[in-house]
Each structure stands twice: as C-alpha cells, then as structure tokens.
Amino acid sequence: MGILERIKEIEAEMARTQKNKATEYHLGQLKAKIAKLRTQLLEPPKGSTGGGEGFEVTKFGHGRVALIGFPSVGKSTLLTMLTGTHSEAASYEFTTLTCIPGIIHYNDTKIQLLDLPGIIEGASEGKGRGRQVIAVAKSSDLVLMVLDASKSEGHRQILTRELEAVGLRLNKRPPQIYFKRKKTGGISFNSMIPLTHVDEKLCYQILHEYKIHNAEVLFREDATVDDFIDVIEGNRKYIKCVYVYNKIDVVGIDDVDKLARQPNSLLNLDRLLARMWEEMGLVRVYTKPQGQQPDFTDPVVLSTDRGGCTVEDFCNHIHRSLVKDVKYVLVWGTSARHYPQHCGLGHVLQDEDVVQIVKKKEKEEGGRGRFKSHTNAPARISDREKKAPLKT
C-alpha cells in the first residue's frame, strides 16, 4: 500500500470515529500518523539525485511575494500591472506553466513578485505540479492568495487545506511549546497554564508514535494536538497571507460587503502595495557618515523575518566585522526618545531611522600625560622615563 492510500485510509477512519472524551487519544495518534506520512510524501524518492526541472528562481530584492491561486483567476494580469513584466494571460486554464518573476519598486525598496502556475485540489499530493508551486511559496515572505469573488469561500478553503497539508501555516504564529529531545532521562512534561485540549497521557502517546522516549516538553499556552505535532515535526513554515479578490463585478453589493469585512482581505488595487508593505514589516534605515548629511538615496532594508531590526542586525547587514568595532551609535527617528540618542547594539530600529556609527578609537603608541603609560620599561614610578619639562 502506497503512502497516499495509507493517508486516505487513516482519514476515513478518523471520519468514522466519533469525537468524545474516550476517543481523543486514538484520534491524536491518528493525526500523528498522518503527519508522519505527509512528511515522507514530501521527501525525495530514495536513490534520486534531486535533479529535474523546478520553479525556483534566484532571490532578489528586499522581500519575496508569491501569487497563489486556482487557474485563470488573474494572477498573470496582476503581475503585469504591478511590475510591468509580461506574463501571458489567456481565456484557457494553465496559461502559466512556470514561475515568472517581476520586481516591484516601492518606498525605495525592491520586492520580488512571483507568478506561479495555478494549483488545483490535490496539489499537496503532486497533482498539477502542485508540490513545486508550494515549495516556492514556502521560500516567500508573503503569500498573495488570488481568489475569484464568485467562488471565493470554496476556493479559499481548498487552497488553505492544500497549503496546510504540506506544512504552510497561514496567518498563524508558532505555538508556545518548548520541546527538546534528550538521550536519557525519560519524558519530562510540564505546563505553565491549565490545558483543555491535551493532557500528559495524550502527549506521551504522540511522542511514542514518533519513537521519542526521552524529551523535555513545556506548554506555555493552551495549545492543541495539531500544534504539538507541528512542534515535533519542526518543519512548519508560518507565513502571512493576504486574500486578494478578483472579478468582484460578477457578484452583488451584499457579497462585496461581506468579503470586504473578512480579515486579511483586499478588494481593490489601490491599497495592495501599502498592505504588502505592512504585512512584510520592512524597515528602511538610512546611514549618516560623521560630519556629513544623511544618505537618503540607498537605505539599508531590515525585516523581523529576515534577521531582525536591531542596531546589531544593521551592522551585520553592512559588514560582519563591524560589530566588534562599534563604540555606540547615534539614532534620529521615531525609535529615538530625543535627537540624537546614544544607543547600543540592542536598540530596535524603526522605519526611516537615521543611524550614525561611532567606532572605537585605537590606543596611541606613546600614551598621554606627562609620563608615558605605554612603554616596555619597568612599571615602577621611579624607573619611568620623564618627558622634557613644559615650556612656560
């Protein structure tokens, strides 16, 4: 029996099983088995060299955005309007057969936008080259899910289910669960708050399903069984997603109002770039050389998802060896309490801040003062070499 058949068999068993207190342990084990099988499904076949045609393109710019959606929903048209890059659009499905990149110039930054082929139901199982499309989406900083307004709810649920099946968690944060494998000592289970979805016995059974018999587990929040399985797998990608609705002229005003009130949704093109900027959390930092005016032409672009936004991250972005030479920095902008503010390496920068780096001074060879402090002579005062008397 293949992996897909085993997954469908377990899903059918879960559908037949009633959900109550007596069956929660059995359902938890079944969920762990499905997660293991789906992880095996994504692994390359044994003996393969990993070759073959893929969709991956070289990363460029300060951020990457992927267009995900069903065939013929308007992804290629959206790419052409935002970037000027020509992507063929036609009235038949699967017009786009590979990944087409484009560059958005916005707020002195360059954002890479990827037009991916449409995915269909069953993409997580490999239908329609869905695995290659989803793999590129995993490498992105933001997902734009383009939906047909007349079929939005059904398509949205299908696409979300397909992306979650391969480890993409849309608009979710990582669960606050500490998990660490050990070599000996058994399983140590603790929780900081009362748990309503899982208990110690259920966690033990899930860990034994993964053949883990020595580990430390600490729940910092009231997480679910699925959250605990995600932490054990350790290959989940938590990514932000904006739902872009196209063809809104084919639905009534009541449906448009309902779509506009849903979270993370956009119906017009005017707010799209600004919303992408907000969701990606890009921070522009301008440099100021000592004794000169700030350089507002080429900012250093930081992001929380791409390394962090502290002064240390800013220095590492310029050069890795710069951090050890920094004495302090002067900051102008919204993150500073006064202008300029003396800050250390842990200061968190905000958008459009101006930073001036002050380096440590090298020690002088001869020292300062009337007596030399840096010499190879003995350290006793009586033996120190005196300088010539000062002229008065």
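Colleague: Is R38 buried, partly exposed or exposed?

Modeller: This is a predicted model, so read every value as computed from it. Residues count as buried under 20% relative accessible area and exposed over 50%, with partly exposed in between. R38 has a relative accessible area of 28%, so R38 is partly exposed.

Colleague: Which side chain does R38 meet in a salt bridge?

Modeller: Start with the general idea. Side chains of opposite charge can pair when their charged atoms come close. Here, R38 meets E11, at 2.8 Å from N to O. The pair links distant parts of the chain. E11 sits in helix α1 (residues 3-16) and R38 in helix α2 (residues 24-42), 27 residues apart. E11 is partly exposed too, because its relative accessibility is 34%.

Colleague: How many salt bridges does the count come to?

Modeller: Twelve. Take R261 and D257: their closest N and O atoms are 3.0 Å apart. R261 is exposed, because its relative accessible area is 65%. D257 is at 38%, so it counts as partly exposed. Salt bridges that share partners also join R169, D230 and R236 into one network.

Colleague: Are R236 and D230 buried or exposed?

Modeller: Both are buried. Their side chains meet at 2.9 Å, N to O.

Colleague: Now the sheet. What is the strand order in the open sheet of three strands?

Modeller: Read across the strands, not along the sequence. The order is β6-β8-β7, with mixed pairing. The edge strands are β6 (177-181) and β7 (187-191), each pairing on one side only. The twist averages 5° from one strand to the next.

Colleague: How many bridges join β6 to β8?

Modeller: Five, and the two strands run antiparallel. For one partner pair, look at Y178 and L218 in β8.

Colleague: Which helices pack on the sheet?

Modeller: Helix α6 (residues 200-209) touches β6, β7 and β8. Its direction makes about 140° with that of β7. Helix α7 (residues 225-233) touches β6 and β8, and its direction makes about 40° with that of β6.

Colleague: And the nonpolar interior? Which residues have the most contacts inside the largest nonpolar core?

Modeller: That core has 50 residues. Those with the most contacts inside it are V65, L113, L144, M145, L272 and M276. Leaving out residues up to four places away in sequence, L272 touches L78, L82, L144, V244 and L266. Another core lies apart from it, with 23 residues, among them L207, A215, F219 and I232.

Colleague: What percentage of the protein's residues is buried?

Modeller: Buried residues make up 42% of the 392.

Methods:
Residues are numbered from 1 along each chain as its sequence is written. This is a predicted model: local features need pLDDT of at least 70, side-chain atom pairs count only at pLDDT 80 or more; totals for chains, interfaces and linings use all residues. Side-chain values use heavy atoms; hydrogens and water are left out. Two strands pair if DSSP finds at least two bridges between them. Helices (H or I, at least four residues) and strands (E, at least two) are DSSP runs, numbered from the N terminus. Axes are lines fitted to C-alpha atoms, for helices over the stretch in contact, and angles run from 0 to 180 degrees between N-to-C directions. Contact means heavy atoms within 4.5 Å. Buried means under 20% relative accessible area, exposed over 50%, partly exposed in between (1.4 Å probe, protein chains only). A nonpolar core is a set of buried Ala, Val, Leu, Ile, Met, Phe, Trp, Tyr and Cys residues joined through side-chain atoms within 4.5 Å. A salt bridge is a side-chain nitrogen of Lys or Arg within 4 Å of a carboxyl oxygen of Asp or Glu.
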